[in-house]
Every structure is written in C-alpha cells, then in structure tokens.
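Work through the exercises below with the sequence and the 3D structure open beside you. Try each task before reading its solution.

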Amino acid sequence: MKKLLGVTLGILTAIGGFVDIGDLVTNAVVGSRFGLSLAWVVVLGVGGISLFAHMSGKVTAISGRATFEIIRERLGPRAALANLIGSMAMTLLTLMAEIGGVALTLQLLTGVVPVVYILPVALVLWLILWRVKFSMLENVAGLMGLLLIAFVVALFQLGPDWGELGRQLVQNQPTSNENGLTYAFYAVALFGAAMTPYEVFFFSSGAAEDKWDSTDLWLSRVNVSLGFPLGGLLSIAIAGCAAVVLLPAGIGVSSLSQVVAPVGVALGVAGIVVVLVGVLAATGGAAIETALSCGYAIAQYAGWPWGKRVRPAQAPQFHAVLLGVVVVSCLVMLSGIDPVMVTEFSVVFSAVALPLTYFPILVVANDPQYLGEHTNGPVLNFFALIYLVIVLVVAVAAVPLMILTRMGA
Amino acid sequence: MPDDLPQHPAQDGRLLDANLHLLDRQLLDRDGRPVLAIGDVEMDRTEGGRLVITCLVLGSGLTARFFGADRPVSTRETMAWDAVTEINAAISTDADRDDIPGLWIERWWRDHVIGRIPGGRHDPG
C-alpha cells in the first residue's frame with residue numbers, strides 16, 4: 001500500500017513538475033500562432049526527456065554517482081568546466097525566469113506590480129531551500145502543479161471544433177500567414193522547453209536524495225513513462241486553449257495574463273484563480289528545482305558534499321551556491337527585466353546546451369563498470385542514438401534560427 | 001581449487017588505467033561522504049625500479065592552471081595511497097574527514113558562513 005502511494009506520488013509530481021514557465025509561455029505563444037500544428041514537437045520532446053531522465057536516473061541509482069560527477073570523469077576537468085559553465089548559465093537564466101513567473105502570477109492574483117514581489121519571493125525560496133525536507137518540497141510543488149489540469153478542463157469546456165484541431169495536429173507545417181523559418185524556430189523553442197537540462201540534473205540528483213538503488217529502477221520507468229507524457233498532455237492543452245481562443249482573434253501572447261486568459265473565457269473567475277494557483281506552484285516548484293540543480297551540478301563537479309538529506313553545515317559549499325544563485329537571480333529580476341523575454345531566451349539556450357549533458361550520460365549508460373548488468377539494451381540505445389542526432393541538429397540550428405527570425409518576431 | 005592457496009598480490013589480476021579509473025573520480029571519506037575530486041597522482045620508483053603510486057592529489061588544480069601554472073608540489077593537498085580501501089565508480093578511503101587537510105575551504109564555509117546562519121546545524125525540518 002505504501003509502495004502504491006509512493007508510485008502514485010511519483011507520477012503526480014512528474015506531471016506537475018514537467019510544466020514550468022518555459023512550457024507555459026512557449027506553448028501558449030505557439031498555440032496562438034500555429035494552433036496545434038507544432039504539438040508533434042511536444043511529443044518528441046517528451047520522448048527525449050523520458051529517455052534522458054531514465055538513463056541518468058538509472059546511472060545514479062546503480063553507480064551512486066550523479067550526473068555532473070560523471071561528466072567530469074568522462075570529459076576531464078577542463079572540458080567539463082566549459083560544459084558546467086554552459087549548463088549553469090542556462091539553468092540560472094531559467095531560475096530568473098521562474099522567479100519572474102512567480103512574481104507575475106502574484107501580480108495577476110493581487111494587482112500589485114511584480115517588481116514588489118521579487119524580494120519576498122527570493123527570500124521565501126531561499127528559506128525553503130534552507131529548511132524544508134527534500135521529499136516535502138518535491139511533493140507539495142508537484143501536487144499543487146496538478147491544478148494546471150484546469151487547462152484541460154477549459155479546453156473541453158470551450159467546446160472547440162475538434163475536427164479543426166485534429167486537422168492542425170496532422171498538418172505539421174506552418175499556416176499560410178507564417179513562414180517556414182518562424183515555424184522551425186518555434187519548433188526548436190518548444191523542444192527546448194520540453195527537454196530542459198535542469199530537469200535531468202534534478203531527476204538524477206533527486207534519485208540520490210531519495211536513496212534509489214537497483215530495486216527502484218522500475219519506479220524510474222513508471223515515473224518517466226507515465227508522468228512526463230501526462231505532463232506533455234498538459235502542455236498540449238495549454239497550446240490547445242490558445243489555439244481555440246487566441247488564434248481566431250489574432251491575439252499574440254506576450255504576457256502571462258494572455259497565457260491564462262482562455263481559462264477565464266471557459267471557466268470564469270474561479271477557473272482563473274485555480275489555474276493561477278497551479279501556475280504559482282509550477283513556477284515556484286521549478287524555481288526550487290533550478291536553484292537546487294545549480295547547487296547539485298557545481299558541487300558534483302567540484303566533488304563537494306551536496307544534498308538536502310544532510311544538515312547545511314555538512315554541505316556548506318552546496319548551500320553557499322544555493323544562496324549565491326538566489327541572490328544573483330533576485331538582483332537581476334529586480335532590474336525590472338521582462339520575465340517573459342527571459343523565458344523565451346532560456347528555452348532556446350536550453351536547446352543549445354542539451355548535447356553537453358546528453359552525450360556523456362549516453363556513454364556512461366553503456367559502461368558496465370558503472371552499471372553492471374543494467375547497461376542500455378539495444379532498443380533503448382536505438383532510440384537514444386536517434387535522439388542524439390535530433391538533439392545535435394536542434395542545438396546547431398537554434399542560434400541561427402533565433403537570429404534569422406529575430407526571436408520569432 | 002582449494003581455498004588455502006596464497007592470493008596473488010595483484011588481486012585477480014585486475015588492471016587499472018590511472019587515467020580512466022582514478023583521475024577525476026570522486027574520493028569518499030570513511031563514512032562514504034564526498035571529499036573532493038582526484039586531480040592527479042604522485043608516483044615514486046621502488047628499489048626494483050617499479051613505479052608505484054604514493055599519494056592522490058586532491059582537487060582539479062584548475063584555479064592554479066587558470067592563472068597560468070601548476071601548483072607548486074609543496075602546496076598540493078594530497079592523501080596517502082595507503083588510505084584507499086576500494087576502487088569503484090568512486091574511490092573509497094578510510095580517512096577521517098577532520099584529518100583531511102585539503103578540506104580547509106569546506107571547514108571555512110562551515111564555520112564562518114553556513115554554520116552561523118540559524119538552522120544551519122540542524123536537520124532539515
């Protein structure tokens with residue numbers, strides 16, 4: 001019974017944890033411009049993140065070594081440092097976007113300008129990182145994030161023309177008034193939003209925090225194969241709501257209020273409040289995960305003790321990093337920079353940074369010295385190699401597309 | 001095969017590649033807690049002319065290299081090879097954490113910053 005509860009909890013937190021500010025904004029932008037014609041990218045991204053998270057969770061569960069320790073061992077200190085800097089710049093950018101997202105959500109709930117909220121949000125975030133148990137913060141954020149199911153309910157309540165949505169789903173190409181390059185740019189952004197490296201740092205380090213071993217591998221499989229796809233479904237529902245309400249009206253998404261507006265149309269004020277609490281949990285949860293990921297990655301690279309399962313004094317440098325990244329993000333967001341813009345940059349650079357961590361993990365997942373009998377089988381390797389190609393193509397294409405389309409403008 | 005035959009000193013003839021199996025691996029103290037990464041090994045020649053590892057150099061030495069040089073040998077933080085108990089995905093030792101000189105930075109952060117913030121010495125609630 002306790003096991004069943006653990007599994008259910010794992011799946012639920014994976015659903016809630018999948019969606020963050022990047023998914024919210026990018027899916028709504030895409031839905032309002034391309035309908036559901038890019039939904040296939042979400043499916044592709046979910047497949048990729050499931051594969052990647054499972055491999056890194058497996059490596060940690062069997063060998064006891066977390067992602068960045070392995071990257072350091074495989075690439076050596078210099079190449080791994082370049083890798084660390086790239087991945088951390090990315091994750092820090094995401095952390096800033098999430099903090100901004102929390103502040104924007106509080107603005108929508110209370111009407112007070114978001115900049116006022118940055119400092120209190122950062123303070124609460126740090127207090128949570130400092131004092132709250134790992135299992136507690138993992139579960140609460142994940143479960144409250146489930147309120148985002150309001151997007152699914154709203155989509156049904158809107159009573160859309162399902163035939164039209166179905167046509168968009170299989171269209172797989174830009175609508176007449178959008179060009180191919182912009183379509184490709186948003187495909188990259190959506191892929192980056194679904195497959196962010198921090199989710200993998202968090203998943204594998206979390207496996208170590210929860211003390212997984214080889215008997216828990218099935219838990220990893222269940223979590224990624226049920227939780228992430230259901231999270232992807234939430235993403236598609238967000239795009240679907242935008243496609244039904246905003247696309248026909250010709251409204252582009254440039255703020256968080258427009259992301260949740262379709263829910264208001266469908267479910268009224270109560271719906272808006274529910275979905276905003278969900279957004280608050282999703283962005284707040286992701287802020288916790290990104291901050292922890294910075295601490296995990298840097299501590300693992302340097303070989304310091306890390307983790308929430310020990311007292312802060314037993315992992316002092318890890319906690320110093322957590323404090324540092326929260327302070328830096330807070331200062332940057334206090335400058336009044338637009339969180340939605342930070343988000344858009346973060347998903348694109350997420351796509352650029354992905355191969356840096358994906359490749360070493362794929363190599364180690366095939367190394368019997370780390371994994372014994374649990375190395376990747378031929379089927380897993382087949383898909384993992386296909387994704388290696390996809391991840392590389394996306395990473396190379398991201399920046400040129402960003403410049404050519406001027407961020408999809 | 002009878003059990004009482006003497007063991008060959010090179011346990012089951014296990015071959016280790018210092019570059020692959022030692023360098024940049026995680027070093028653990030006697031309680032299994034991370035110490036630092038292994039940056040280098042120091043070697044010596046025995047009377048028979050064989051090379052043996054004498055100690056492990058702790059930390060990657062990246063900061064020193066960043067400023068253009070290797071760290072002088074006398075200032076390197078090392079751990080005697082005798083302390084190593086197991087070579088696996090991580091390197092286990094029987095070293096007592098408080099006796100490891102290379103951890104002075106960690107102790108500084110603990111004693112002067114993190115340990116002084118309220119709650120820093122308690123289990124997460």
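The exercises treat helices, one residue, a chain contact and a sheet.

This is a predicted model, in which local features need pLDDT of at least 70 and side-chain atom pairs count only at pLDDT 80 or more, while totals for chains, interfaces and linings use all residues. Residues are numbered from 1 along each chain as its sequence is written, and chains are lettered from A and ligands numbered from 1 in the order in which they are written.

**Exercise 1. Compare the expected span of helix 3 of chain A with the distance between its end C-alpha atoms.**

Step 1. Helices (H or I, at least four residues) and strands (E, at least two) are DSSP runs, numbered from the N terminus. Helix 3 of chain A covers residues 39–63, which is 25 residues.

Step 2. The expected span is 1.5 Å times one less than the number of residues. For helix 3 of chain A this gives 36 Å, and the end C-alpha atoms are 36 Å apart, which agrees.

Step 3. A residue is buried if 20 or more other C-beta atoms lie within 10 Å of its own, exposed if 12 or fewer, and partly exposed in between, with C-beta atoms placed from the backbone. In helix 3 of chain A, 21 of the 25 residues are buried, so the helix is largely enclosed by the rest of the structure.

Step 4. After helix 3 of chain A comes Gly64(A), with a positive phi near 75°.

**Exercise 2. Describe how Phe134(A) is placed.**

Step 1. Phe134(A) belongs to helix 6 (residues 134–145) of chain A.

Step 2. Phe134(A) has 17 C-beta neighbours inside 10 Å and therefore counts as partly exposed.

Step 3. Two residues are in contact if their C-beta atoms, placed from the backbone, lie within 7 Å. Leaving out residues up to four places away in sequence, Phe134(A) touches Glu209(A), Lys308(A) and Arg309(A).

Step 4. Leu9(A) is 125 residues from Phe134(A) along the chain, and their C-alpha atoms are separated by 14 Å.

**Exercise 3. Describe the side of chain B that touches chain A.**

Step 1. The contact takes 26 residues from chain B and 26 residues from chain A.

Step 2. On the side of chain B, the elements that give two or more residues are strand 1 (26–28), strand 2 (34–45) and helix 3 (104–112) of chain B. Strand 2 of chain B gives the most, with four residues.

Step 3. Ala, Val, Leu, Ile, Met, Phe, Trp, Tyr, Cys and Pro count as nonpolar, Asp, Glu, Lys and Arg as charged, and the others, Gly among them, as polar. On this side of chain B, 12 residues are nonpolar, seven polar and seven charged.

**Exercise 4. Work out the order and the edges of the open sheet in chain B.**

Step 1. Two strands pair if DSSP finds at least two bridges between them. The six strands of chain B lie in the order 4-3-2-1-6-5, with mixed pairing.

Step 2. Strand 4 (78–80) and strand 5 (84–87) of chain B stand at the edges with a single partner strand each, so one side of each has no neighbour in the sheet.

Step 3. Strand 2 of chain B and strand 3 of chain B run antiparallel and are joined by seven bridges. Asp40(B) has Val57(B) as its bridge partner in strand 3 of chain B. The hairpin of these two strands has five residues between them, and there Gly49(B) takes a positive phi near 90°.

Step 4. Strand 3 (residues 51–58) of chain B and strand 4 of chain B are antiparallel, with three bridges. Among the partners in strand 4 of chain B, Met79(B) is that of Leu56(B), and Ala80(B) is that of Cys55(B).
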